[in-house]
Amino acid sequence: MPDNTVAILREQTQALIGTEEINQIIQSTVENSVALRMMTRLPNMATNVREYPIMDNYPMAGFVEGDNGLKMTTNMKWSKKKLYAEEIAAIVTIPDNVVADASYDIWGQVRPRLEEAAGRVIDKAIFFGVDKPASWRDGLVNSATNAGNVVAATADLYKDVFDENGLIAKVEEDGYFPDGILSAVSMRSKLRGLRDKSDRPLFLENMQNTTPYMLNGIRMEFPRNGAFDPTKALMITGDFTQAVYAIRQDVTFDVFDSGVISDSDGKVVFNLMQNDMKAIRMVIRLGWDIFNPLNAINEDETTRFPFAVYKPAASASAAAAKVAVK
């Protein structure tokens, strides 16, 4: 005799229950280059190399003794720096059938992520010199370290940043006023508790402003594209008008339906026509440098640098030991 008291449970009706699918891909916000957002952009480059003059020597003047005293002679000196445009590129291949059968605009998803990847490469090279081209100068952290503009982290964050011999003072002593700070995301929790002597917060957040983060009036950025390495630097501050870049070729995207994709050994991986595939290629060419001209506060180019770095204690100690060995 059938048991009519047994309920029809979900297990028996699973085939009748539909699943709602949202036509939206859940993903993180696209993070482009923070370095290029902070730095000063120069006019686009007409060729792959640009030269610009930098003043190396000031003229001098002096008092003349008496009516017939000799007037001193003086001169000036300039040197040239070069900006080298280097190429960053990537190629993504997708079978035609996959694009045709997909419910999403795959190419529309790929393009912003390629731009993000280019920005990450640019930021790593500019911040830390990671995988930089041979023609590009060393990164901000290494250059600031070589100039002696390093502060090691202690338990007193206020003193590390704002005191005499602190992070900001390192830049000021070289004749520059910091106008920007790059910071590891891990510093946000420490900065929120930072107060001045009147117990007013020094770190301000306002998402409605064009500059959402400020530290004592200095704009801040927290790179989230994976380029900022907190084991090498907790913060970088300086005069970003001195850090410049120029575009030789802005970001371009080209789609190919013929041609071959090969590996580093020349072996063909894909033949686009034979494999019924398309490839999208992203290319950008740019160069960057730091002006750092002679100024009256610090005339020594070996110690003058418009940026300073706040390092983890262990990292700063290791850097100091390396300099001492040299």
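In the predicted model, Glu51, Lys80 and Lys82 are joined to one another in a network of salt bridges. Within this network, the contact between glutamate 51 and lysine 80 brings their closest N and O atoms to 3.3 Å from each other. The pair connects distant parts of the chain, since glutamate 51 belongs to strand 2 (residues 49-57) and lysine 80 to strand 3 (residues 77-84), with the two positions 29 residues apart in sequence numbering. Glutamate 51 is partly exposed, its relative accessible area being 42%, whereas lysine 80, with a relative accessible area of 61%, is exposed; the latter value lies over the 50% limit that separates exposed from partly exposed residues.

Salt bridges elsewhere in the model also connect elements that are distant in sequence. Aspartate 254 and arginine 281 meet through their side chains in a salt bridge with an N to O distance of 3.4 Å. Here the linked elements are strand 11 (residues 243-256), which holds aspartate 254, and strand 14 (residues 277-290), which holds arginine 281, the two residues being 27 residues apart. Aspartate 254 is partly exposed at a relative accessible area of 31%, and a value of 31% likewise places arginine 281 among the partly exposed residues.

A further salt bridge is formed between the side chains of glutamate 221 and arginine 37, at 3.1 Å from N to O. Glutamate 221 is part of strand 9 (residues 218-221) and arginine 37 is part of helix 2 (residues 34-38), so this contact ties together parts of the chain that are 184 residues apart in sequence. For arginine 37 the relative accessible area is 43%, and the residue is therefore partly exposed. Under the distance criterion applied, in which a side-chain nitrogen of Lys or Arg lies within 4 Å of a carboxyl oxygen of Asp or Glu, the count of salt bridges comes to 10.

Acidic residues also occur outside these pairings. A patch of negative charge on the surface is made up of Asp156, Asp163, Glu164, Glu172 and Glu173. One of these residues, glutamate 172, is located in helix 7, which covers residues 167-172. Glutamate 172 has a relative accessible area of 38% and is partly exposed. Membership of such a patch requires a relative accessible area over 30% and the absence of a salt bridge, and the value of 38% for glutamate 172 is in keeping with the area requirement.

Definitions and conventions
Residues are numbered from 1 along each chain as its sequence is written. This is a predicted model: local features need pLDDT of at least 70, side-chain atom pairs count only at pLDDT 80 or more; totals for chains, interfaces and linings use all residues. Side-chain values use heavy atoms; hydrogens and water are left out. Patches are made of residues with over 30% relative accessible area and no salt bridge: like charges are joined within 9 Å, nonpolar side chains (Val, Leu, Ile, Met, Phe, Trp, Tyr) within 5 Å. Accessible areas come from the Shrake-Rupley method with a 1.4 Å probe; for residues, only the protein chains shown count as cover. Lys and Arg count as positive and Asp and Glu as negative; His and the chain ends are not counted. The place of a charge is taken as NZ of Lys, CZ of Arg, CG of Asp or CD of Glu. Helices (H or I, at least four residues) and strands (E, at least two) are DSSP runs, numbered from the N terminus. Buried means under 20% relative accessible area, exposed over 50%, partly exposed in between (1.4 Å probe, protein chains only).
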